[in-house]
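Q: I am new to this structure and would be grateful for a close look at one part of it. Please describe how a pair of neighbouring helices is arranged, and add some setting around that pair.

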Amino acid sequence: MGEPVIQVENLFKSYGAVEALRGVSFAVEQGEVFGLLGPNGAGKTSTVEILEGLRTPDRGVARVCGLDPEKSGERFKEKIGAVLQSTSLPDKLRVKEALELFARFYHRRADTDKLLKRFQLDEKRNAFYSHLSGGQKQRLALAMALVNDPEVVFLDEPTAGLDPQVRREIYDIIEELKREKKTVLLTTHYIEEAERLCDRVAIVDQGRVIALGTPRELKRSSAGKTRIEVRLARPLTNGMLAGLEGVSDCREFDGTYVLHSARPPQTIVALVKQLEAEGNELQSLEMFSPSLEDVFIELTGRRLRE
Amino acid sequence: MGGTWTLTKMRVRLAMRNRAFFFFSLVMPLIFLFGAVTFLGRGRKEWVGYILGAILTTTVMGSFWGLSVQLVTFREQGILRRFRLAPLGAGPMLASSILSNYFLVIPVVVFEILVCRWAFHMQSWGNLWAIFLLVTVGSATFSALGLIVASVTNTMQETQMINNLIWMGFLFLSGATIPLAIFPAWLQRVALFIPAQYLATGLESSAAKMATGYEVLEDVAALLLGLFVAFEVSRQLFRWEPEAKVPRNAKLWVLAALVPFLIFGAWESTTGNRLNRIQQNFQTLRGRAMSMPMPPAH
């Protein structure tokens, strides 16, 4: 295996008193879709923006294609494409114009007509940016990230705020990038996104990478436990649920009890019996196969969306 | 250079799609022109050249307003940070602002000259070469000054407030609205340090007195030097990100942008040549007015 395409070593970044990054390290190989998964404020965007050359780290090393993003200037920018978390275009710029405009800045250019078709924007080619829906704007942002046929693509929360249908469309596009063997760094706080799209995932929390591996490896690290979420008629105070058969841990989030169990059937039978004995009632019960959410809960004691 | 030209074309295209641009860049100067010729010039065609000089000055100075507002809007909306990802530096971004503004100002200037000549029967075309030179350099200089304002302000409100203050100074101390010659001597000396005064004096001389390019060379030189310094200062202070802080040494950079005009002002104040020229321009205007009968009242 050659030198990683993206290399991050011990990255630190503070904004005033807030420490956004506290020693982030990871490496991304050629052709890999790598995910940074974490809640808002975990440090994902700071990391990506340092790698895009938009921010300066306080300490640490960031290299993309062997180049320092901050100091390599145009040579570096020719190699990358990016979808920023917060960005915009002039309202009165047409879709086709936006693509052609950005394409002209680069030496290596993709065919903008093909991009329009690929991102289902052909019918909107003459529409003003202000007239596009959220999903269309995001598809345009993705198309613009590819106008220079980049070696590395950074996608900072590309599906945030989009409805499920549009989100799935974006997933298809990212999967296409994966098939094309583009190196992609994706940040997200959607579990399903990381699980479906990423070859490897770094779980980030409070400026640190707290777990790193393939989604399968990470889920295996949670010992294949099933997550059981229950809501009860009356709240519990005595920690009864943690003592149920098969339960390895139990936490409460906004009135929902989240249990992890290695033997779900036995746990559920025990739960029902216990509740009957206490005169309490089960309002809802949901079971989930192990996910990255469980890994995050195990490692931090919090849910991703908290 | 390719990036600058690409951005310039985009900016021109965007401006042409903006109704506010048409109002502020074309309709408003024409309203001023009609108002000035009708009420100040009282329909006397001898004054039209002088009024044209003043109107051209405000048109060219308007570059200052539009660009600062546009740049701050682009920064606030996160548009600039998208451009930052492309292989573009601050230089092409700023240069394209100045160039596009120039291409948008030129048709307005031509239109104003044509209106003065054909609708208001201006006695001569003025020295078109000198006018072209001053409009070209002036538009770039005031654009660059506007870009500095955009770089040192954080919000649109701040930009509007500072623009208003500077605009008032430019408008009333340049001679474009009130002839400098009627001001007290000390205020005339203060005006020597105002960038807009060089543009107004030059344009009034070339439009009303047929001053040649050589005769307005001092005005052009002051504006040109101002342009180089202001452009470099705006490049140094340029911020792509909405949350990027104004550099600590920004005040020093802003002062540096004024250095050319401080030098020219001090020089002119010592020699007194410019003050004499301003007086002569005004006396010529008054002389013309005195020698001509007032149009009959209807």
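A: The account below takes up a helix pair in chain B, then one residue elsewhere in that chain, and lastly chain A as a whole. The model is a predicted one.

The pair consists of helix α3 of chain B, residues 48–76, and helix α5 of chain B, residues 90–119. Their axes come within 10 Å and cross at roughly 155°. An angle over 145 degrees counts as roughly antiparallel, and α3(B) and α5(B) are therefore roughly antiparallel to each other. The crossing in which α3(B) passes α5(B) is right-handed. On the side of α3(B), the residues in contact include B:V48, B:L52, B:I55, B:G66 and B:L71. They meet residues of α5(B), among them B:S97, B:N101, B:V105, B:E112 and B:C116. By character, the residues of this contact comprise twelve nonpolar, five polar and one charged.

Another helix of chain B, α10, spans residues 217–237 and contains B:V233. This valine counts as buried because B:V233 has 25 C-beta neighbours inside 10 Å. Leaving aside residues up to four places away in sequence, B:V233 touches B:I148, B:W253, B:V254, B:A256 and B:A257. From B:V233 to B:I79 the C-alpha separation is 22 Å, with their positions 154 residues apart in sequence.

Chain A has ten helices and 13 strands. The C-alpha trace of chain A extends about 75 × 45 × 40 Å along its principal axes. Of the 306 residues in chain A, 43% are buried. Among contacts in chain A between residues at least 6 apart in sequence, 68% link residues at least 24 apart.

Methods:
Residues numbered from 1 in each chain as written. Chains lettered and ligands numbered in written order. Predicted model: local features only at pLDDT ≥ 70, side-chain atom pairs only at ≥ 80, totals over all residues. Axes fitted to C-alpha atoms, helices over the stretch in contact; angles between N-to-C directions. Helix = DSSP H or I, 4+ residues; strand = E, 2+ residues; numbered from the N terminus. Parallel < 35°, antiparallel > 145°, perpendicular 65-115°, else oblique. Left-handed = near helix turned anticlockwise from the far one by under 90°. Contact = placed C-beta atoms within 7 Å. Nonpolar A, V, L, I, M, F, W, Y, C, P; charged D, E, K, R; others polar. Buried ≥ 20, exposed ≤ 12 C-beta atoms within 10 Å, placed from the backbone.
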